[in-house]
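Here are a few quick notes to read alongside the structure. Have a look at the picture first, then come back to the points below.

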Amino acid sequence: MTSPPAASAAGGQQRQRPQPKSGRPDGKTTGRHELSRHARFAEISPEVGVLDEQALNQALGEDPATFELLAAMTSATDERLRAAAIRLSASIVLERARAGRTSMRGISRLRPVRGAADGDLDIDASIEGVSAARAEARPVALDDLTTVHWARAQTAFAVVVDKSGSMTGARLAAAATVAAACALRAPREHAVLSFAASVDVIRPLVSDMAPAVVSERLLRLRGHGVTRLADALQAAREQLAHARARRRVVILLSDCRTTEDDVILAPADDNEQAAQLADLAGARWAALANPLDAATTLDYLLENRITA
C-alpha cells in the first residue's frame, strides 16, 4: 500500500513516495492470534503477558525451529511478552555466537608479558618473581611481575543491518547473532549499524557497550521504509577507516534490494539480489535458513577467503 500522493508545485502532477518492501507500516506488532498459528505457542505463552521459560527450553530442545517463534514474539503486541522474548532471545544468540570456531583468525587473545609497565597484573604468574625479590631482600621490580594484555585483533568488523520493511523477527535475530559473534571475535574494534532510509550507529567502532545491550537493541528494531544501501556501506567504510586492525570486513545483513573485503548474509527465502550484489562487488555471501546458524556461517565465510 502506498502513501497518499503529494501534488507537485508545477503542473499539479502527483508523485508517490517509495513503498516499503513489506507493505507493513512502521512499528506494526504481532498479535496473539497470529502467533498462535505456531503449534507450540499455547504451551510457551499460556496467557497474556506470560512466557514460560521451562516450556520454551523444552520446545527448543525438541525442535530448534522453535526459535523462529521466539524471534516472532520479539515483536508481540503484548508488551510483557515482547520484553521477555527480547531478553531470552538476546541470551540465546549470545550463547550461540560463542559456538563459532575459536581458531578463526583475528580473535583478540590475552597474552602474558613480563616486565611491562601497563596491563592487568597476573597475580599467580607473578608469585615466583615476588618471592625471588623477597629472598634477595630487594624491592619488587617490573621484571619480577607478569601482566596480561589483549593481543591486537587482526580483524575489525562493521556489521550493517537492514531494518527496512522486509526485516522480520527471525532476520533481526540473525543480525543480533552476527553482532554478538563479532563482539566475541573482535571485542575492541567492531561497529554495528542499522539502516533503512537513514543510517543509525548502534555501536561505534570503539565502545564499552556490552554485547547483550547491542543484541537487545537489534532485536527491538522494527522493519520499515526503503533501503539506502549505498549510504549504509559508506557509513561502514567511515567507521572502519579508524580501525587499527589490518583486515577490515563489512558484514551486510540484507536482501540487498533498491564494496575491499565484504561479506553478505541474506535470508534463505529472499537472496537473489544479494547474490547479484556479491557477484558485482566480489564479496562472499551465504544464505541463512536459521538465524542461530549465523555465527558459524560467518566464520565459514571469513576463513574461506576468495582471491582473484
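1. Start with the overall picture: the protein chain has 308 residues, and 47% of them count as buried. Bear in mind that this is a predicted model, so everything here is computed from predicted coordinates. The accessible surface of the chain adds up to about 16000 Å², with carbon and sulfur atoms accounting for 49% of that.

2. On secondary structure, you'll find 11 helices and 11 strands in the protein chain.

3. Now for confidence. The average pLDDT of the chain is 76, and 76% of the residues reach at least 70. Residues 1–26 are a weak spot, with pLDDT below 50, although the model gives this stretch 27 contacts beyond near neighbours in sequence. Residues 101–108 also stay under 50, and here the model has 32 contacts beyond four places in sequence. Low pLDDT is a reason not to read the predicted coordinates in detail.

4. For a covered element, try helix α4, which spans residues 66–73. Six of its eight residues are buried, namely Thr-66, Phe-67, Leu-69, Leu-70, Ala-71 and Met-73.

5. What makes up the nonpolar surface patch of about 310 Å²? The patch is formed by Leu-121, Ile-123 and Ile-127. Of these, Leu-121 sits in strand β4, which covers residues 120–121.

Conventions: Residues numbered from 1 in each chain as written. Predicted model: local features only at pLDDT ≥ 70, side-chain atom pairs only at ≥ 80, totals over all residues. Heavy atoms only, no water. pLDDT = per-residue confidence, 0-100. Contact = heavy atoms within 4.5 Å. Patch = residues over 30% accessible without salt bridge, like charges linked within 9 Å, V, L, I, M, F, W, Y side chains within 5 Å. Areas by Shrake-Rupley, 256 points an atom, 1.4 Å probe, with all protein chains shown as cover. Salt bridge = Lys/Arg side-chain N within 4 Å of Asp/Glu carboxyl O. Helix = DSSP H or I, 4+ residues; strand = E, 2+ residues; numbered from the N terminus. Buried < 20%, exposed > 50% of the residue type's maximum accessible area, 1.4 Å probe, protein only.
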